[in-house]
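Here are some worked exercises to try with a viewer open. Have a go at each task before reading its solution.

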Amino acid sequence: MNTRAWIVFLDESGVSLLPQIRRTYAPRGRTPLLRHRLNWKRASMAGALGYPSTGPDRGARLCSHLKPGSYDTAGLIEVLKQMKVFHRSENVVGP
């Protein structure tokens, strides 16, 4: 069966925008105070990388989505809806 479709790999991940400190110069036994101006503590991102099955001459496509907080089922469904609009009337398959 020869199907002209995009092969799409979708993944989501969470990140923290707070600074990561592994080592400080505080005296031993004293907890260092780390000050920062960020008030957005967590973010999540989803990305979809698509490859055309018809050949590499069309090029790959990258879709990404970023949101504060974490993804839930409704959030991931929204990402899939936006990906559907991005690919419009083309066939899309996933592994």
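The exercises below concern a predicted model, and they go from the whole chain down to single residues.

**Exercise 1. Describe the overall make-up of the protein chain.**

Solution. Start with the secondary structure: the protein chain has 1 helix and 4 strands. Next, put these elements in sequence order, which gives the pattern β-β-β-α-β. Then turn to burial: of the 95 residues, 18% are buried. The exposed area of the chain is about 8,200 Å², and carbon and sulfur atoms supply 53% of it. Finally, look at the contacts between residues at least 6 apart in sequence: 70% of them join residues at least 24 apart.

**Exercise 2. Work out which side of helix α1 is buried, and what covers it.**

Solution. First, locate the helix: α1 covers residues 73-87, 15 residues in all. From its first C-alpha to its last it reaches 21 Å, close to the 21 Å expected at 1.5 Å a residue.

Second, pick out the buried residues of α1, which are Gly75, Val79, Met83 and His87. They lie on the same side of α1, because the arc they cover around the axis is only 115°. The general rule behind this is that an α-helix has 3.6 residues a turn, so residues three or four places apart point the same way.

Third, check the other side of α1: there, Thr73, Ala74, Lys81, Lys84 and Val85 are exposed.

Fourth, ask what lies over the buried residues of α1. The cover includes β1 (6-16), β2, β3 and β4 (92-93).

To finish, step just past the end of α1, where Arg88 takes a positive phi of about 45°.

**Exercise 3. Decide whether His87 is buried or exposed, and list what His87 touches.**

Solution. Begin with its place: His87 is in helix α1. Its relative accessible area is 4%, and the cut-off for buried is under 20%, so His87 counts as buried. Leaving out residues up to four places away in sequence, His87 touches Trp6, Val8, Arg61 and Val92.

**Exercise 4. Find the largest nonpolar core and follow the contacts of Cys63.**

Solution. The largest nonpolar core has 5 residues in all: Trp6, Val8, Ala48, Cys63 and Met83. As background, nonpolar side chains tend to be buried together in soluble globular proteins. Now take Cys63 as the starting point. Not counting residues up to four places away in sequence, Cys63 touches Ala46, Gly47, Ala48, Met83 and Phe86.

**Exercise 5. Classify the geometry of the aromatic pair in this model.**

Solution. Count first: there is 1 aromatic pair. The partners are Phe9 and Tyr51, with 6.4 Å centre to centre and 70° between the planes. An angle over 60 degrees counts as edge-to-face, and that is the class of this pair. Now place the rings: Phe9 is in strand β1 and Tyr51 in strand β2, 42 residues apart, so the pair links distant parts of the chain. As for accessibility, Phe9 is partly exposed at a relative accessible area of 42%, and Tyr51 is also partly exposed, at 40%.

**Exercise 6. Examine the setting of Gly55.**

Solution. Gly55 sits in the loop between β2 (42-52) and β3 (61-68). With a relative accessible area of 16%, Gly55 is buried. Last, compare sequence and space: Arg4 is 51 residues from Gly55 along the chain, and their C-alpha atoms are separated by 9.7 Å.

How values were computed. Residues are numbered from 1 along each chain as its sequence is written. This is a predicted model: local features need pLDDT of at least 70, side-chain atom pairs count only at pLDDT 80 or more; totals for chains, interfaces and linings use all residues. Side-chain values use heavy atoms; hydrogens and water are left out. Helices (H or I, at least four residues) and strands (E, at least two) are DSSP runs, numbered from the N terminus. Buried means under 20% relative accessible area, exposed over 50%, partly exposed in between (1.4 Å probe, protein chains only). Contact means heavy atoms within 4.5 Å. Accessible areas come from the Shrake-Rupley method with a 1.4 Å probe; for residues, only the protein chains shown count as cover. The expected span of a helix is 1.5 Å times one less than its number of residues. The arc is that of the directions from the helix axis to the C-beta atoms. Rings of Phe, Tyr and Trp (its six-membered ring) pair if their centres lie within 6.5 Å; planes under 30 degrees apart count as stacked, over 60 as edge-to-face and the rest as tilted. A nonpolar core is a set of buried Ala, Val, Leu, Ile, Met, Phe, Trp, Tyr and Cys residues joined through side-chain atoms within 4.5 Å.
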